[in-house]
Amino acid sequence: KIMKVFVTRRLPQEGMKILSAAPECEVSVWDSDEPVPREELLKGVQKAHGLVCLLPDKIDAEVLDAAGPNLKVISTMSVGFDHMALDEIKKRGIRVGYTPDVLTDATAELTVALLLATARRLPEGVEEVKNGGWSSWKPLWLCGYGLSGSTVGVIGLGRIGLAIAQRLMPFGVKRLLYSGRTAKPHAAEVKGEFVPMDTLVSQSDFIVVSCSLTPETQGLCDKAFFSKMKKTAVFINSSRGAVVNQEDLFEALSSGQIAAAGLDVTTPEPLPTNHPLLTLKNCVVLPHIGSATYSTRGVMSALVARNLLGGLQDTEMPSELTF
Ligand code: GLV
Ligand code: GLV
């Protein structure tokens with residue numbers, strides 16, 4: 001029996017190769033590097049048995065209804081799944097594949113790069129070299145904050161949070177605090193201390209947000225949160241933009257309540273070029289590139305294809321989301 005598959009974007013070749021080699025699949029691809037328009041998505045999924053989607057695709061009841069009862073598997077090229085209405089998906093008995101683990105190293109590495117770039121003011125420095133602001137070596141010019149001897153607080157010590165902590169420890173971090181719903185046995189690998197959120201916020205020199213977006217974490221980093229941070233502390237977020245109240249962050253950064261922020265995620269994405277956060281020298285914003293290495297994106301696309309085929313064949317999916 002031939003099964004219809006809709007793919008919402010041109011994927012890296014590793015994934016496309018696997019899909020085109022599957023004789024049971026009739027694959028149609030939104031063959032572009034840009035997101036599929038909503039009406040094309042609604043059209044494309046009609047009668048589909050399988051759907052491959054990406055972060056910008058909102059998979060809600062409307063999409064599921066447009067697909068109809070054939071749909072048995074959704075395979076997303078992401079570790080996050082807040083773009084999908086899981087309750088609606090569950091109601092319809094649809095299986096979901098995602099891409100944890102394979103992007104952990106790349107995302108942790110990017111987070112460390114963002115932290116260092118923000119704390120040591122790299123984008124500002126690069127800009128000064130280009131615009132003639134570099135007049136001489138000066139004792140306090142472009143000074144920032146270093147990791148040596150510092151306290152780092154990780155909010156959400158999951159797979160990626162742990163990988164970030166493992167990479168930061170060799171910089172001479174003195175204490176590694178973390179908070180979240182539960183204490184994690186793997187925290188021992190980084191001598192992580194499980195502390196209440198307030199303790200983490202008030203004692204950390206660097207705060208790294210690495211939790212998933214849930215009703216509990218939505219807007220977690222707000223005015224009250226920033227007001228408890230040290231004035232010299234640096235805030236980093238590489239999870240989801242909606243964990244942060246951006247107006248409150250802008251206020252904290254512009255008033256000097258906190259030292260700096262580095263964000264790989266924002267609301268919305270892309271962030272409009274006239275957004276107030278982009279006027280601040282002490283805010284470094286990246287365009288959601290945590291997992292963006294050639295090899296990681298290739299491996300992600302292959303996993304996406306294998307998850308899809310497992311779902312279509314009613315067999316094991318290499319990374320099935322349980323929900
Ligand atoms: C990236 O944010 C992902 O969820 O894969
Ligand atoms: C810096 O280059 C120094 O020599 O201190």
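**Figure 1. Residues 112-290 in the predicted model.** The C-alpha atoms at the two ends of this span are 10 Å apart. Helix accounts for 28% of the span and strand for 16%. An unreviewed UniProt entry lists residues 112-290 as "domain: D-isomer specific 2-hydroxyacid dehydrogenase NAD-binding".

**Figure 2. Residues 5-319, a further span annotated in UniProt.** The feature at these positions, again from an unreviewed entry, is "domain: D-isomer specific 2-hydroxyacid dehydrogenase catalytic". Its end C-alpha atoms lie 19 Å apart. The composition of residues 5-319 is 33% helix and 15% strand.

**Figure 3. Domain 1 and domain 2 of the protein.** The domain assignment builds domain 1 from two segments, 3-100 and 294-312, while domain 2 covers 104-285. Taken over C-alpha atoms, the centres of domain 1 and domain 2 are separated by 32 Å. Four residues of domain 1 and five residues of domain 2 form the contact. On the side of domain 1 that touches domain 2, one residue is nonpolar, two are polar and one is charged.

**Figure 4. Packing of helix H1 on helix H11.** Two packed helices are described by the angle between their axes and the distance between the axes. For H1 (residues 13-20) and H11 (residues 294-312), the angle is about 25° and the axes are 6 Å apart. H1 is therefore roughly parallel to H11, since angles under 35 degrees are classed in this way. The two helices cross in a right-handed sense. From H1, the residues in the contact are Glu14, Gly15, Ile18 and Leu19. Their partners in H11 are Gly298, Ser301, Ala302, Val304, Ala305 and Arg306. Sorted by class, the contact of H1 with H11 holds five nonpolar, three polar and two charged residues.

**Figure 5. Packing of helix H5 on helix H7.** H5 spans residues 104-119 and H7 spans residues 159-168. Their axes lie 8 Å apart and make an angle of about 50°, so H5 is oblique to H7. The crossing of H5 past H7 is right-handed. H5 contributes Thr104, Asp105, Thr107, Ala108, Glu109, Thr111 and Val112 to the contact. On the H7 side are Arg159, Ile160, Ala163, Ile164, Arg167 and Leu168. The contact of H5 with H7 divides by class into six nonpolar, three polar and four charged residues.

**Figure 6. Cis peptide bonds in the loop between strands S11 and S12.** Most peptide bonds are trans. The bond joining Thr267 and Pro268 is cis, with omega of about -10°. A cis peptide bond also joins Glu269 and Pro270, where omega is about -5°. Pro268 sits in the loop that runs between strand S11 (260-263) and strand S12 (283-285). Pro270 is likewise placed in the loop between S11 and S12.

**Figure 7. Backbone of Leu142.** Most residues other than glycine have a negative phi. Leu142, a residue other than glycine, has a positive phi near 55°. The loop that holds Leu142 lies between helix H6 (122-131) and strand S6 (151-155).

Note on methods: Residues numbered from 1 in each chain as written. Chains lettered and ligands numbered in written order. Predicted model: local features only at pLDDT ≥ 70, side-chain atom pairs only at ≥ 80, totals over all residues. Axes fitted to C-alpha atoms, helices over the stretch in contact; angles between N-to-C directions. Helix = DSSP H or I, 4+ residues; strand = E, 2+ residues; numbered from the N terminus. Parallel < 35°, antiparallel > 145°, perpendicular 65-115°, else oblique. Left-handed = near helix turned anticlockwise from the far one by under 90°. Contact = placed C-beta atoms within 7 Å. Nonpolar A, V, L, I, M, F, W, Y, C, P; charged D, E, K, R; others polar. UniProt positions renumbered as here; feature names shortened; annotations may be inferred. Domains from an automatic or database assignment.
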